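Please look over the structure below before reading on. The questions and answers after it take up helix packing, nonpolar cores, backbone geometry and the surroundings of single residues.

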Amino acid sequence: SLVGNLQADESIEIKNQIAGVIEEIGFSEGQAVKQGQVLFVIDADKLKASAAQAQASLSLAQTTFDRLATLIKAGAISQQEFDQASSDLEARKAQVDLIKAQLKEAQITASFDGITGDRKVSIGQFVDQGTLLTTLIKQDPMKAEFHIAERFFGQLKEGQGIEVTVAAYPDESFKGEVYFIDSQVDELNRTALVKAKLPNPDGKLLRGMFANLNLIVSI
């Protein structure tokens, strides 16, 4: 018999990579979402204007490069002039690519199938870069994390079954199996971290729950 904690299989904080005004929110709090689903859209009008300007500069640089490419073949300009035009063209291309990447970051999507947390922002709110917008967790399966004494290590292996009970459902047990055994023992308490996965299709098990576990080490 052991005690431990339940953790989500995957858990992330969703933050914005560019500053701006929240233009759209594409989910409800606590909603199940699919990978790639749009969660937030940040107003990108300024970026779109910058993109148009950068594209115009790129077109001009391309025209200049093409013209000088013809002239250098005829020996009408120096190699230095041509190299400068080539360098300018590459810089303009890089600028366009950068703004395109920033525009992509204005649309924030779910990294995996999961459940959203509480929403930290509202439509129309200005957010600085790196603002916490919400959280996303994958809760099926769940992880049970516990520590086992070193004297049981000879009887422990991956794939062993566990049974978990939680206070919310005292008359119900949840079955799973060990998938991780730490490669080192804590020198202070002579235990090692062990993790097991528990199917959670109904979402009854929640991250942070205190768990009582029965681990079968021998029969």
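What follows is a set of questions and answers on this predicted model.

Residues are numbered from 1 along each chain as its sequence is written. Because the model is predicted, local features need pLDDT of at least 70 and side-chain atom pairs count only at pLDDT 80 or more, while totals for chains, interfaces and linings use all residues, and side-chain values use heavy atoms, with hydrogens and water left out.

Q: Are H1 and H2 roughly parallel or roughly antiparallel to each other?
A: Helices (DSSP runs of H or I, at least four residues) and strands (runs of E, at least two) are numbered from the N terminus, and axes are lines fitted to C-alpha atoms, for helices over the stretch in contact, with angles from 0 to 180 degrees between N-to-C directions. The axes of helix H1 (residues 45-73) and helix H2 (residues 79-105) come within 8 Å and cross at roughly 155°. Angles under 35 degrees count as roughly parallel, over 145 as roughly antiparallel, 65 to 115 as roughly perpendicular and the rest as oblique. H1 and H2 are therefore roughly antiparallel.

Q: How many nonpolar residues are in the contact of H1 with H2?
A: Here Ala, Val, Leu, Ile, Met, Phe, Trp, Tyr, Cys and Pro count as nonpolar, Asp, Glu, Lys and Arg as charged, and the others, Gly among them, as polar. The residues of the contact of H1 with H2 include eight polar and five charged ones, and the nonpolar residues number 15.

Q: Is Leu68 buried or exposed?
A: Leu68 lies in helix H1 and touches Ile77, Glu81, Phe82 and Ala85, not counting residues up to four places away in sequence (contact means heavy atoms within 4.5 Å). Buried means under 20% relative accessible area, exposed over 50% and partly exposed in between, with a 1.4 Å probe and protein chains only. With a relative accessible area of 10%, Leu68 is therefore buried.

Q: Which strand gives the most residues to the largest nonpolar core?
A: A nonpolar core is a set of buried Ala, Val, Leu, Ile, Met, Phe, Trp, Tyr and Cys residues joined through side-chain atoms within 4.5 Å, and of the 20 residues in the largest one, Leu6, Ile162, Leu213 and Leu215 touch the most other members. At least two residues of this core come from each of strand S1 (2-15), strand S8 (132-149), strand S9 (161-166), strand S10 (174-181), strand S11 (191-198) and strand S12 (210-215). With four residues, the strand that gives the most to this core is S8.

Q: How many residues are in the other core, which lies apart and has Ala44 among them?
A: Among the members of this other core are Ala44, Leu47, Val127 and Leu136. Ala44 sits in the loop between strand S4 (38-42) and H1, and at 8% relative accessibility Ala44 counts as buried. Leaving aside residues up to four places away in sequence, Ala44 touches Leu103 and Ala106. The number of residues in this other core is 19.

Q: Which residue is joined to Asp140 by a cis peptide bond?
A: The bond in question has an omega of about 5°, and the residue that Asp140 is joined to is found in strand S8. That residue is Pro141.

Q: Which residue has a positive phi of about 55° although it is not a glycine?
A: The residue is placed in the loop between S10 and S11, and at 44% relative accessibility it counts as partly exposed. The residue with this positive phi is Arg190.

Q: Is Thr135 buried or exposed?
A: Thr135 is found in strand S8 and, leaving aside neighbours within four places in sequence, is in contact with Ile12, Glu13, Ile14, Ile115, Thr116 and Gly117. Its relative accessible area is 19%, so Thr135 counts as buried.

Q: How far apart in space are Lys46 and Leu103, C-alpha to C-alpha?
A: Lys46 is found in helix H1 and counts as exposed at 74% relative accessibility. Lys46 and Leu103 are 57 residues apart in sequence, and their C-alpha to C-alpha separation in space is 9.9 Å.
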